[in-house]
Amino acid sequence: MMASEQVDVDGLAELVRGCEDVRARLVLVTDTQEQWRLHHGEVLLDAPDLDTNGEETWLYPAVAFVARRLRGSLVADLLCGKPADIGRFRVFADQDSTHVSADNLRGNQVWTGRTTPWPRTEWTIRRISTDYRNHGVLVGDTSHPSFLTFDQAVSSFLYRRPYDSRTTVDQLWRVVQPRRGAWFQKVTVAPDRLTVDLEGDDLDGVVLELSEPAGSRWLLVEGADAYGFDLPEGLRVESLLIAHRSGKWLDMRHFPAGPYGSVRDTSVVWEQPELELELLLADGEGPQLECKREIPDKDARTRKKMLKTVAAFASQPGGGTILFGIEDDNLEIVGLSQDQSADEQKRRIGDMIRNNLEPAPVCHPRVIKHDYKRVIAVDVPGGNQPCAYRDNGRLEFYVRRGSSSILASYREIEEGFCPHPGTG
């Protein structure tokens, strides 16, 4: 769902300079109060109506959070390492990196803490400097809030959500450009029909395609509307829904409703949840799917086996999903005991993850009903840092290889997920 390429800072700066104005959210730090150094900048291009947050400033003794509509030329100068005046702040950005990544993302795709309903292109410049100091408690006033830590303030300011280890900002810049030519507002999957609610600013010549293993079907788009494909035999595994024009994709969805483990794609509505479960199981256990007959409880061995799988999923970019209530040898849907409520079962799973993994991934167990049987799915989001299982104070790191979770070192995970052979 994501295509990545390399560009240079000068090329990105010229793109930004060509915008009359942009939306910017800047995190600034200072030692002198005279010059402020950019810690992180989020820039939204060509989207005057898409950022509803107004101008604001959160000012603390050595930290400032600034949201402004700025001239594209001013932001371009900062990208090139030139200082700029933004209100009361004299701002400069350390150009210790010229490495720019460009990623094309489909609509409703989560990537480094952010999601948008429309497809987008993101350019990121990573921070090389590891300079970091503890700013302590940030005390606000009647115009802005207080925070226990700097990281909590960053997460609240940028994403309007509580801090967790998955929202750690390790980029100097992130520049986002919406691609709203054509995008899927909602995809509804019923037992015998798939319906797409299509929106877009430029739909001339757009083709809507449902590509299945046995062949493909096309519809020529005639404007923003609902379009449908009949599914006489249901939705096939590995089907791809894609809007494209002149050889370039505009938006897409891949089924099952992946990617596994990430925050669930709210634009995909399953009118028959059993169908989603069957698609998840179609390819069997593998790098991003694990099945368990029961929720491990008192048995330490089975509990550790489950938790090291969660750690492995959390340490890989694509995350993963664990299904409870499935025989792992033949993938038969047997369901969980209903002696306990679903809420209690989900709480038990969440407690085990929070109490035994570091950093604990933010998982949201959910119930899938199938022929009156209860299955619980735990979607584990992939992270940008290794996750470890705590074993009597010792941290153990794992990676996923095939359908196994294998012991690895922290360095091996960071350098390419290369496991120790034959361990785990």
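A residue is called buried when its relative accessible area is under 20%, exposed when it is over 50%, and partly exposed in between, as computed with a 1.4 Å probe on protein chains only. The structure is a predicted model, in which local features need pLDDT of at least 70, side-chain atom pairs count only at pLDDT 80 or more, and totals for chains, interfaces and linings use all residues. Residues are numbered from 1 along each chain as its sequence is written, and side-chain values use heavy atoms, with hydrogens and water left out.

**Exercise 1. Determine which residues of helix H1 are buried and which are exposed, and how its N-terminal end is capped.**

Step 1. Helices (H or I, at least four residues) and strands (E, at least two) are DSSP runs, numbered from the N terminus; H1 covers residues 9–17, and Val9, Leu12, Ala13 and Val16 are buried in it.

Step 2. Viewed down the axis of H1, the buried residues fall within an arc of 100°, so they line one face of the helix; the arc is taken from the directions that lead from the helix axis to the C-beta atoms.

Step 3. An α-helix has 3.6 residues a turn, so residues three or four places apart point the same way.

Step 4. Asp10 and Glu14 are exposed, on the face of H1 turned away from its buried side.

Step 5. The N-terminal end of H1 is capped by Asp8, which has a side-chain oxygen 3.4 Å from the backbone nitrogen of Asp10.

**Exercise 2. Work out the order of the strands in the open sheet that contains E13, and say which strands stand at its edges.**

Step 1. Two strands pair if DSSP finds at least two bridges between them; the open sheet has 4 strands in the order E14-E13-E16-E17, with antiparallel pairing.

Step 2. Strands E14 (215–220) and E17 (248–254) are at the edges and have a single partner strand each, so one side of each is left without a neighbour in the sheet.

Step 3. E13 (residues 207–212) is joined to E14 by 6 bridges, and Glu212 stands opposite Gly215 in E14.

**Exercise 3. Describe how strand E11 is covered and paired.**

Step 1. E11 (residues 183–189) is mostly covered, since 5 of its 7 residues are buried.

Step 2. With strand E12 (residues 193–199), E11 shares 6 bridges and runs antiparallel; the two form a hairpin with 3 residues between them, and Trp183 has Glu199 as its bridge partner in E12.

Step 3. With strand E18 (residues 268–270), E11 shares 3 bridges and runs parallel, and here Val189 has Trp270 as its bridge partner.

Terms used. A polar contact is a pair of N or O atoms within 3.5 Å; within protein, one must be able to donate a hydrogen and the other to accept it, and residues adjacent in sequence count only if both atoms are side-chain atoms.
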